[in-house]
Amino acid sequence: MNKSIVCFLCFLLVICNCVPAGDTDWEIRVNSVGYRTVQSKLAVMVKPCDSYSIVNSDDNSVVYSGGVTGPEYQKDINQQGWIADFSEYAIPGRYYITAKGGGRSVDFTIADDVYQQPLTTAMRGFYLWRCGCAVSGEYNGNIYSHAPCHMSDGWLDYTGLSKKRHDACGGWHDAGDYGKYVVNACFTIGVLFNAWDHFGDKLSDLKLDVPEAEFVCPDYLNELKWELDWLLTMQYPDDSGRVSHKLTALNFSGFVMPEADLQKRYLTEWSSAATADFAAVMAMAARIYKPFSTEYSAKCLKAAELSYNYLKAYTEDKLFVQGEFSTGGYETSDWDDRLWMAAELWRTTREKQYLVDFEKRAAYLGRAHIDACGWGQLSALGIISYLLDESSCKNADLTNRLWHEMVAVADGIVKTADNDIYGRGLGGKYYWGCNGTIAGQVLLLWTAYQHQPNSKYRSTAEDNISNLLGNNQYGRSYITGIGINPPMHPHDRRSGADGINAPWPGYLVGGGHTATDWIDQQGDYRTNEIAINWQGPLVYAFAALDSWDK
């Protein structure tokens, strides 16, 4: 690894206002990383006040003053807030906010490139998640590293093929555990590929200092290829096209470093959802990597078509059954996965059979099929791919109806955020991984904006990310190593076992199951775990805000 590049990245990452955990209760809540010059800029005061001032951090001079709205009471968090909207202040610099009546915010930045380093840090998190090799990275003076791990992945005992070992090393660890799960991996790759499709001009210059692949491509795609290469090994070695649902040991490991997890790890039986998701991302990979390697593109397309053809003949919903496994199940039905698969194969090949397949499946879809976007509900990814394609072959009535529903979803997110004192696009909804949904709503808002450029879509996306970075009921960032008082004890085996006080950096924790039950404790996997399916939307959100013009 190029040490000079890593040290330079480390220096830049320090200026992202990484504030260590402490007892300070910042009474004025802001996006603790900062705001783009043209961004929606909201702050929430939790003590009574009627006005506020923005103060230059360098010389403590007041540069802007204004009044507040409120108080507004929010029942779910049992909190009153006085809201300051300083969106019109757009002069780059370093600032903090004070309020008449007391209180101060953490320092924050206003700059057009304010999200570039959080984007780099969050995306570097995928490299640090790599399985099947050694990794090492420096951040804020700490070296985060592990030795080659899980080099015997994976055994075929549970596939019905044999009890031999099939080489399935590589990929990313899925979350705070060391398992590797196909449906979750494919959703994550799908979101990250969308980021490339939408913001590739920016992402192509992203410097991640990752090892080179066998062909030259941007660092961003190089990192995604590490996961794709592992996914290719999850297709059954019998050339049927079936794809194993996951690769794990029978049980979760303890809090040990990955190289110390020596349990025997198995490919499980296949599922139709995993097979369809695999075909979708391989079809995307075929078109995205074609400018860089026609050979790799052809390999991915061949794998996608093989799985599609198997599912074309096998029409049943083949659910995954845990059996002896106690690791993550990711059980899901396959109707949405098949729809996404058809959309991506059509976009890549332009073959009519795939378009007919998608449009037949999409004919009955409504708002609820777009609003929910995650590993268990993938129809939104298929719909987005279809809507943003400019082909004249699409069914016009279906296209118009789906655009109508997409805009309605975005309008609903805006309305919900407008009624939340912290501008949270989920309002009072909390559940496992809800912070990942907050980040993922940016994809829906950006897509709707392409059809109807409503400025509220962008400002709501900005407010969502501000919520993750400190403008929330806790006054804390939800992302390790970034922003004010970030999580220090995520449910992450590496962070718990490496002997370093600060956790591995750049990871979004899942968030509370209610408005007030997030606990920054290692054992609280319910609210404080990290996972690739939340990290992918976070990367997308940072890339979107870094690219979204006025």
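Buried means under 20% relative accessible area, exposed means over 50%, and partly exposed lies in between (1.4 Å probe, protein chains only). The model is predicted, so local features need pLDDT of at least 70 and side-chain atom pairs count only at pLDDT 80 or more, whereas totals for chains, interfaces and linings use all residues. Residues are numbered from 1 along each chain as its sequence is written, and side-chain values use heavy atoms, with hydrogens and water left out.

**Exercise 1. Determine which salt bridge holds arginine 265, and which network this residue belongs to.**

Step 1. Apply the criterion for a salt bridge, which is a side-chain nitrogen of Lys or Arg within 4 Å of a carboxyl oxygen of Asp or Glu. The side chain of arginine 265 meets that of aspartate 153 at 2.7 Å, N to O.

Step 2. Place the two partners, using helices (H or I, at least four residues) and strands (E, at least two) as DSSP runs numbered from the N terminus. Aspartate 153 lies in the loop between β11 (142–146) and β12 (180–181), and arginine 265 in the loop between β13 (246–248) and β14 (266–267), so the pair ties together parts 112 residues apart in sequence.

Step 3. Check the accessibility of each partner. Arginine 265 is buried, with a relative accessible area of 4%, and aspartate 153 is buried as well, at 1%.

Step 4. Follow the shared partners: salt bridges join Asp153, Lys180, Asp261 and Arg265 into one network.

**Exercise 2. Set the pair glutamate 27 and lysine 47 beside the pair glutamate 223 and arginine 130, and state whether the partners are buried or partly exposed.**

Step 1. Begin with the total, since a search of the whole structure finds 22 salt bridges.

Step 2. Glutamate 27 and lysine 47 meet through their side chains at 3.8 Å, N to O. This pair links distant parts of the chain, 20 residues apart, with glutamate 27 in the loop between α1 (3–14) and β1 (28–29) and lysine 47 in the loop between β3 (42–45) and β4 (51–56). Glutamate 27 is partly exposed, with a relative accessible area of 25%, and lysine 47 is partly exposed at 31%.

Step 3. Glutamate 223 and arginine 130 form a salt bridge at 2.9 Å, N to O. Here the partners are 93 residues apart, with glutamate 223 in helix α4 and arginine 130 in the loop between α2 (116–128) and β10 (135–139). Glutamate 223 counts as buried at 0% relative accessibility, and arginine 130 counts as buried at 3%.

**Exercise 3. Find what surrounds arginine 493, a buried residue that has no salt bridge.**

Step 1. Locate arginine 493 in helix α14 (residues 493–497).

Step 2. Look for an opposite charge, counting Lys and Arg as positive and Asp and Glu as negative, with His and the chain ends not counted. The nearest such side chain, glutamate 529, is 5.2 Å away.

Step 3. Turn to the backbone: the side chain of arginine 493 reaches the backbone oxygen of glycine 176 at 3.0 Å.

Step 4. List its contacts (heavy atoms within 4.5 Å). Leaving aside neighbours within four places in sequence, they include Gly176, Asp177, Tyr178 and Phe252.

**Exercise 4. Describe how aspartate 219 is placed and which backbone nitrogen its side chain reaches.**

Step 1. Aspartate 219 is in helix α4 (residues 219–233), and its 14% relative accessibility is why it counts as buried.

Step 2. Its side chain reaches the backbone nitrogen of leucine 208 at 2.9 Å.

Step 3. Beyond four places in sequence, aspartate 219 is in contact with Leu206, Lys207, Leu208, Asp209 and Val210. The C-alpha atoms of aspartate 219 and aspartate 209 are 7.2 Å apart, although 10 residues separate the two in sequence.

**Exercise 5. Work out the strand order of the open sheet and the pairing of β4 with β5.**

Step 1. Two strands pair if DSSP finds at least two bridges between them. On this basis 4 strands form an open sheet in the order β1-β3-β7-β6, with antiparallel pairing, and the edge strands, β1 and β6 (69–74), each pair on one side only.

Step 2. Within this sheet, β3 is joined by 4 bridges to the antiparallel strand β7 (residues 79–85), and alanine 43 stands opposite alanine 84 in β7.

Step 3. For β4, 5 bridges lead to the antiparallel strand β5 (residues 62–67), with isoleucine 54 opposite tyrosine 64. These two strands form a hairpin with 5 residues between them, and asparagine 60 in the turn has a positive phi of about 60°.

Terms used
Polar contact = N/O pair within 3.5 Å; in protein donor to acceptor, adjacent residues only side chain to side chain.
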